[in-house]
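I opened the model to look up a helix, its packing partner and one residue elsewhere. My entries follow in the order I made them.

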Amino acid sequence: NGETWAQKKASAQAMTGQFAESLKKNAVATAKKNVKRGAEFFDQLQPALKTEVFSVFSSWDARNAGAVAPFELAKNMELMGFMATADRVADNLIRLVDDDGSGLLTWRKCRSLFMLATAARPMDERRRDLEAFFSRINKGSPRFATVFEIAKALPFQIRDEDLATLMYVYFGRVKPSVSRSEFVEWIEAIEMSEILAKRER
């Protein structure tokens with residue numbers, strides 16, 4: 001019986017190892033598809049918007065190492081409101097595009113991740129995320145957020161006046177504050193490059 005139990009234990013350990021390796025291979029294969037799909041979306045963006053995406057990556061790459069480690073991404077997730085789950089969210093996001101198994105978020109992976117999180121996602125999912133983000137903004141009013149409050153809450157640095165200018169370009173008038181629906185509408189317009197198109201006309 002001792003030998004049988006030991007053999008079963010060894011067999012179970014071997015199967016567990018094989019299963020884990022199989023899962024890893026599948027994850028890498030999926031990540032390769034995600035990176036390719038995201039890159040195709042990214043290539044369709046206008047140059048100015050590509051620069052904006054890169055500026056976000058650069059702000060995450062605080063060490064200027066060309067890659068963002070999970071703990072660095074987790075810190076940015078905390079700034080976005082994922083206090084209790086930041087580490088898990090960061091690991092899961094990187095895993096989506098970790099086609100080389102390094103566990104790091106390079107620029108090539110990051111741009112694909114951005115596209116998968118925006119252009120490749122169903123509109124209703126993106127809208128729910130945007131509404132949740134608006135709810136987490138530290139606002140003086142429950143229904144409206146000022147330009148200053150939005151600029152402070154965004155996960156990248158932007159001056160109040162620059163944000164106000166972007167809103168003016170889209171709404172066609174000065175907007176010192178926006179409602180949740182206006183905020184969602186405006187961000188969706190940015191994702192679809194509508195603001196950039198207006199600025200080029």
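I checked the length of H4 first. At 1.5 Å a residue, its 12 residues should span 16 Å, and I found the end C-alpha atoms 18 Å apart, which agrees. I note that the model is a predicted one.

Next I asked which residues of H4 are buried. I listed Ala-86, Val-89, Ala-90, Ile-94 and Val-97. Viewed down the helix axis, the buried residues of H4 stay within an arc of 125°, so I take them to line one face of the helix. On the other side of H4, I found Asp-87 and Arg-88 exposed.

I then looked at how H4 (residues 86–97) packs with H5 (residues 107–117). The angle is about 105° and the axes are 9 Å apart. Angles of 65 to 115 degrees count as roughly perpendicular, so I logged H4 as roughly perpendicular to H5. From H4, I recorded Leu-93, Leu-96 and Val-97 in the contact. From H5, Lys-109, Ser-112, Leu-113 and Leu-116 take part. Sorted by class, the contact of H4 with H5 holds five nonpolar residues, one polar and one charged. Val-97 is thus on two of my lists: it is buried, and it belongs to the contact with H5.

My last entry concerns Glu-185, which I located in helix H9 (residues 180–191). Is Glu-185 buried or exposed? Its relative accessibility is 38%, so I put Glu-185 down as partly exposed. Leaving out residues up to four places away in sequence, I found that Glu-185 touches Tyr-170 and Phe-171. I also noted a C-alpha separation of 9.5 Å between Glu-185 and Leu-130, which are 55 residues apart along the chain.

Methods:
Residues numbered from 1 in each chain as written. Predicted model: local features only at pLDDT ≥ 70, side-chain atom pairs only at ≥ 80, totals over all residues. Heavy atoms only, no water. Axes fitted to C-alpha atoms, helices over the stretch in contact; angles between N-to-C directions. Helix = DSSP H or I, 4+ residues; strand = E, 2+ residues; numbered from the N terminus. Parallel < 35°, antiparallel > 145°, perpendicular 65-115°, else oblique. Contact = heavy atoms within 4.5 Å. Nonpolar A, V, L, I, M, F, W, Y, C, P; charged D, E, K, R; others polar. Expected span 1.5 Å × (residues − 1). Buried < 20%, exposed > 50% of the residue type's maximum accessible area, 1.4 Å probe, protein only. Arc of directions from axis to C-beta.
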